[in-house]
Amino acid sequence: MASVTFSNVEKSFGSTKVIHGIGFDIRDGEFMVLVGPSGCGKSTLLRMLAGLEEISAGTIAIDGRVVNDVESKDRDIAMVFQSYALYPHMTVADNMAFSLKLRKAQAKVIQERMSRAAKILNLEPYLARYPRELSGGQRQRVAMGRAIVRDPKVFLFDEPLSNLDAKLRVAMRAEIKALHQRLKTTTVYVTRDQVEAMTMADRIVVMHDGRVEQIGTPLDLYDHPGNLFVAQFIGSPAMNVVEGTIKRENGTGHVLSHSGVRWPLGAAAGAEGQSVAYGIRPEHLSLTDAKAPAAVPAEITVVEPTGAETELLLQAGEAQIVLVTHGRPQVNPGDRVGLAVEPAMVHVFDQKTGQRLAA
Amino acid sequence: MKPISLRTVTTEAKLLLIGIPVLVWTLLPVYNLFLFSISPKESAFAGNLWPDHPTLHNFAVVFGEKHYYLSHFWLQLWNSLLIAVTVGVLTLIVATCAAFAISRLKVKGGRAVMNLALFTYFIPAAFLAVPMYKTMGNYGLLNNQWALILAMLTIAAPYSIWVLKQASDKLPYELDEAAKMDGASPLQLFRLVYLPLMTPSLVAIGTYALLLAWNEYLYAFLLLSNDRQITLGVALGNFLAADDSPWELLMATGLIYALPPAAIYYVFKRYMVGGLTAGAVKS
């Protein structure tokens, strides 16, 4: 087990800079998820930690030891690849034992560690099989087994679930999390799926365009997104955002959207006349009478019942709004309704910088 | 039974119309070879479709080295085999290492090597026969079997490198990265991961080089002259030096000479299958 420290890490491919000075710490035993859209640099960052990419500038340290010039195999880390990367000509057992054999471990040790890993991952019936004879989920488990037998300081996962179908993905998600709780090995997990990030992480690093947007626990990011990008990236369905101008009168305030809709501001920060992006999550909106005070007038365009909850698409002025409710409201497309906003749940961001306005 | 449509019939007919002439065209010379080899000397040129008195006498003469032209038959057959196998093995070593270095280790200048390899095929091998003869002379290798082995290696290697490089490019690169993280050195990667996965291509290329050397006449004729050094192919050519060539023996020897390649092809064909990398990565 070990901590990992990134300090001012940069990466350039030729003259193109893809990582712009990233620095953060991963604590011993922590499950850290790097999340961001495609091309944000999260995989590159992981590969730099793995030793598969050169570090252009800055340092990466594992357990306090700078590893910039240390070969992958001497970093004491193990990686699970998106494509599994199993050796097709070796059995499951040989795949898992490969790294130990290369290290000239004793046969007894190899056998011991392999049976332990096979037991943890329920791979015991498949040890003599070849990867081509396994299902996607089983291959994924073999890839994890290959990492476990090494008993490394840090586990690296590079989008390990993106090749699995939706149902299996949910199951494997839970398995990986259970595995971490059992082994308590420091884990760095890369994904572009924010649901994976939210459900698995101890802490999340949200990346965008080669920069860190925000670091925090899942709920911290959800409740207090530091900027507009994080606000819209974390959460599904995404946060509603309306652009407008802050108007304050007699102690209360609202944001006046470009088409003249008044969105109640509550206690949120922001100066009179400031151009802002007004954010409210779909579950913090509710339906009310169109004539109620402070109700935001809107027209229902789509009703999507999912059983447990109902998702409504609404048009409020120029803005497309999503509302999620646990009830089963008796509404139809075309109905004119009012939206009630929970004022405490409003997020306000500076329109130019995208930064959250401190309350 | 499924009714056969007119369309199926015409398609079949068209295929047969092309197939039968091609089959006859291909088999006729082979049949002629066979016919000569089982005919007695007197009736070899009789022009019959089947000899009146078929005999295996010609083969007995060949195997017993009982003719002037055949006095070193077994040695020459051995020479052919030795040279062909050596060329096959050496080509494999050179081409596999080159392909691994260029495709997997991504050494600098790899592209240039690939382009040069392709470029060598702009020049027909026959054009290079005389320069090659002179070069081997400079090295003092004339009439040494190494001259032929090296010459054939030179001819076979570029194509082999090209083919193996293309095949290596198809292996998923994640495997190399996984092996690297597992602690494999480049040599271990080569031995434990790369070679096993390349086996089908290696068999194909080895067979190609082996057969190329086995069938080579021009370079073998140029670079070797001593009766104890030449290959059987050159020895066959020597049959034609006399006015009254023993055709029936020439054909019998020719038939024997043609059998090993056919055997090699059928033995190795089953190794030349794809699908070995199935299950490596999600595709």
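1. A friendly place to start is the hairpin that β11(A) and β12(A) form, with two residues between the strands. Asn250(A) sits in the turn and has a positive phi of about 35°. Please keep in mind, here and below, that this is a predicted model.

2. The strands of that hairpin are β11, residues 240-249 of chain A, and β12, residues 252-257 of chain A. They pair in the antiparallel sense, over six bridges. If you would like one pair to look for on screen, find Glu249(A), which stands opposite Thr252(A) in β12(A).

3. β12(A) also pairs with β13 (residues 262-264) of chain A, again in the antiparallel sense, over three bridges. Here Leu256(A) has Arg262(A) of β13(A) as its bridge partner. The hairpin of β12(A) and β13(A) has four residues between the strands, and Gly260(A) takes a positive phi near 90° in it.

4. Now to the helices. How do the axes of α2(A) and α3(A) cross? They come within 10 Å and cross at roughly 135°, with α3 covering residues 107-120 of chain A. That angle makes α2(A) oblique to α3(A), because only angles over 145 degrees would count as roughly antiparallel. The crossing in which α2(A) passes α3(A) is right-handed.

5. Which residues make this helix contact? From α2(A) come Ala93(A), Met96(A), Ala97(A), Leu100(A) and Lys101(A). From α3(A) come Val109(A), Ile110(A), Arg113(A), Met114(A) and Ala117(A). Sorted by class, the contact of α2(A) with α3(A) holds eight nonpolar and two charged residues, and no polar ones.

6. The two chains also meet: 25 residues of chain A are in contact with 21 residues of chain B. On the chain A side, β6 (77-80), α2 (92-102) and α4 (136-148) each supply at least two of the residues that touch chain B. The largest share, three residues, comes from α2(A). By class, this side of chain A has 15 nonpolar, six polar and four charged residues.

7. A last stop in chain B is Val130(B), which lies in helix α5, residues 129-138 of that chain. Is Val130(B) buried or exposed? Val130(B) is exposed, because 10 other C-beta atoms lie within 10 Å, and a residue counts as exposed at 12 or fewer. For a sense of distance, Val130(B) and Gly183(B) are 53 residues apart in sequence and 50 Å apart in space, taken C-alpha to C-alpha.

Definitions and conventions
Residues are numbered from 1 along each chain as its sequence is written. Chains are lettered from A and ligands numbered from 1 in the order in which they are written. This is a predicted model: local features need pLDDT of at least 70, side-chain atom pairs count only at pLDDT 80 or more; totals for chains, interfaces and linings use all residues. Two residues are in contact if their C-beta atoms, placed from the backbone, lie within 7 Å. Ala, Val, Leu, Ile, Met, Phe, Trp, Tyr, Cys and Pro count as nonpolar, Asp, Glu, Lys and Arg as charged, and the others, Gly among them, as polar. Axes are lines fitted to C-alpha atoms, for helices over the stretch in contact, and angles run from 0 to 180 degrees between N-to-C directions. Angles under 35 degrees count as roughly parallel, over 145 as roughly antiparallel, 65 to 115 as roughly perpendicular and the rest as oblique. A crossing is left-handed if the near helix is turned anticlockwise from the far one by less than a right angle, and right-handed if clockwise. Two strands pair if DSSP finds at least two bridges between them. A residue is buried if 20 or more other C-beta atoms lie within 10 Å of its own, exposed if 12 or fewer, and partly exposed in between; C-beta atoms are placed from the backbone.
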